[in-house]
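Okay, thanks everyone, let me get going. I'd like to walk you through one model today, so have a look at the sequence and the fold while I talk.

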Amino acid sequence: MSAYDAIARLYDPWSVSVTEDVSFYVEEAKRAGGTVVELGVGTGRIAVPTVAAGVRMIGVDSSPEMLAVCRERAELAGVAELLDLRLGELEAPPVSERVALVTCPFRSYLHLLDDQARLRALRAARDLLVPGGRLVFDVFAPSAEDIADTHARWLEREHGIFERADWDSRERTLTLSVRGESGSTTFVLAWLSNDEWRALLERAGFQVLGCYGWFDRRPYAGGEDTVWVARRPT
Ligand SMILES: C[S@@+](CC[C@H](N)C(=O)[O-])C[C@H]1O[C@@H](n2cnc3c(N)ncnc32)[C@H](O)[C@@H]1O
């Protein structure tokens, strides 16, 4: 049972204002020149526009309900035959194909709560790549101001959709709750420093090509968001 099952119908209205990453991932996918694997594909917020741009994709997610919404969206867009959806885990994606690009957009790796899980997931992503292939993902680490402004408060994120963040700065975890008319859930996310992400990527056998501060590829210069590009060495 995934915590996302209960909000599969709420997810798209909840994330409606998150648009800044879509063209970045679509461009990466077009540039890869072949099938792309998206880990934590969700409702296809990024996968559906990507296949609509003509790229064949395999999408993996542990929530059957999120995958059902994704399938519906792809069918509505008339691109379902390009999108192969599979139920599975970040740590053991059910993918035997080898591809030039694996993505894990919108902070999905923060669902992994310890280094063992993160390393398993990063090594699994590396194993999906052909030599020279790339893993692209984004994560965040909150600022002290963000924590102080939002801690333990129900805030209306979108009309009728409320979000509550309970931060634990010592454990570096965020317990995130969301509720709206079509569902509610709570899950835990865990964040790391940039140095820790870089070290994990290297331990998992990647060469880090870039760490951007935003989806326009500006170099990271402090801030909450990071976009990572790492390569499986040849
Ligand atoms: C924040 S959403 C991102 C969805 C989509 N990539 C997007 O950009 O909108 C995180 C997704 O990761 C999935 N997920 C969380 N933990 C997972 C795990 N251990 N294995 C596979 N999928 C997982 C959730 O079901 C959810 O669909």
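One definition before anything else: when I say buried, I mean under 20% relative accessible area, exposed is over 50%, and partly exposed is in between. And keep in mind that this is a predicted model.

With that cut-off in hand, let's start at T226. Is T226 buried or exposed? Its relative accessible area is 3%, so T226 is buried. This threonine sits in strand β11, and its side chain has a polar contact of 3.2 Å with the side chain of W228.

Now zoom out to the strand as a whole. β11 covers residues 225-231, and six of its seven residues are buried, so the rest of the structure largely encloses it. Which strands does β11 pair with? One is β5, residues 129-140, which runs antiparallel to β11 with seven bridges between them. In that pairing, V139 has T226 as its bridge partner, so we're back at our threonine, the one that is buried at 3%. The other I want to show is β10, residues 207-212, again antiparallel to β11, this time over five bridges. There, V208 is matched with A230 of β11.

Okay, on to the ligand. How many residues are around the ligand, and which come nearest? There are 19, and the nearest are Y11, E38, G40, R45 and D61. If you sort that shell by type, you get eight nonpolar, seven polar and four charged residues.

Let me go through some of the contacts. E38 places a polar side-chain atom 2.9 Å from a nitrogen of the ligand. R45 has a polar side-chain atom 2.8 Å from a ligand oxygen. And for D61, an N or O atom of the side chain is 2.6 Å from an oxygen atom of the ligand. How much of the ligand does the protein cover? On its own the ligand has 590 Å² of accessible area, and the protein covers 93% of that.

I'd like to stay with R45 for a moment. Where does R45 sit? In the loop between β1 (36-39) and α3 (47-52). It's a loop arginine, but its relative accessibility is 10%, so R45 counts as buried. Besides the ligand oxygen at 2.8 Å, what else does the R45 side chain contact? There's a polar contact of 2.6 Å with the side chain of D21, and a polar atom of the R45 side chain lies 3.0 Å from the backbone oxygen of V18.

Next, the hairpin. β6 is residues 154-158 and β7 is residues 161-168; the two run antiparallel and are joined by four bridges. One of the pairs to look at is W154, whose bridge partner in β7 is R164. How many residues lie between the two strands? Two, and G160 in that turn has a positive phi of about 80°.

While we're on positive phi, let me show you some residues that aren't glycine. Just before this hairpin, in the loop between α6 (144-150) and β6, is A152. Its phi is near 60°, so to speak on the positive side, in a residue other than glycine. A152 has 30% relative accessibility, so it counts as partly exposed. Then take R172, in the loop between β7 and β8 (173-180). R172 isn't a glycine either, and its phi is positive at about 60°. With 27% relative accessibility, R172 is partly exposed as well.

Last topic, the cysteines. How many disulfides does a search of the whole structure find? Zero. Take C104, which is in no disulfide: the nearest cysteine sulfur belongs to C70 and is 14 Å away. C104 has a relative accessible area of 0%, so it's buried. And why is C211 unbonded to its closest cysteine? Because the closest cysteine sulfur, in C104, is 15 Å from that of C211, which is too far for a bond. C211 is buried too, since its relative accessible area is 14%.

That's my tour, so let's go back to whichever part you'd like to look at again.

Note on methods
Residues are numbered from 1 along each chain as its sequence is written. This is a predicted model: local features need pLDDT of at least 70, side-chain atom pairs count only at pLDDT 80 or more; totals for chains, interfaces and linings use all residues. Side-chain values use heavy atoms; hydrogens and water are left out. A disulfide is a pair of cysteine sulfur atoms within 2.5 Å. Buried means under 20% relative accessible area, exposed over 50%, partly exposed in between (1.4 Å probe, protein chains only). A residue is near a molecule or strand if one of its heavy atoms lies within 4 Å of it. A polar contact is a pair of N or O atoms within 3.5 Å; within protein, one must be able to donate a hydrogen and the other to accept it, and residues adjacent in sequence count only if both atoms are side-chain atoms. Accessible areas come from the Shrake-Rupley method with a 1.4 Å probe; for residues, only the protein chains shown count as cover. Ala, Val, Leu, Ile, Met, Phe, Trp, Tyr, Cys and Pro count as nonpolar, Asp, Glu, Lys and Arg as charged, and the others, Gly among them, as polar. Two strands pair if DSSP finds at least two bridges between them.
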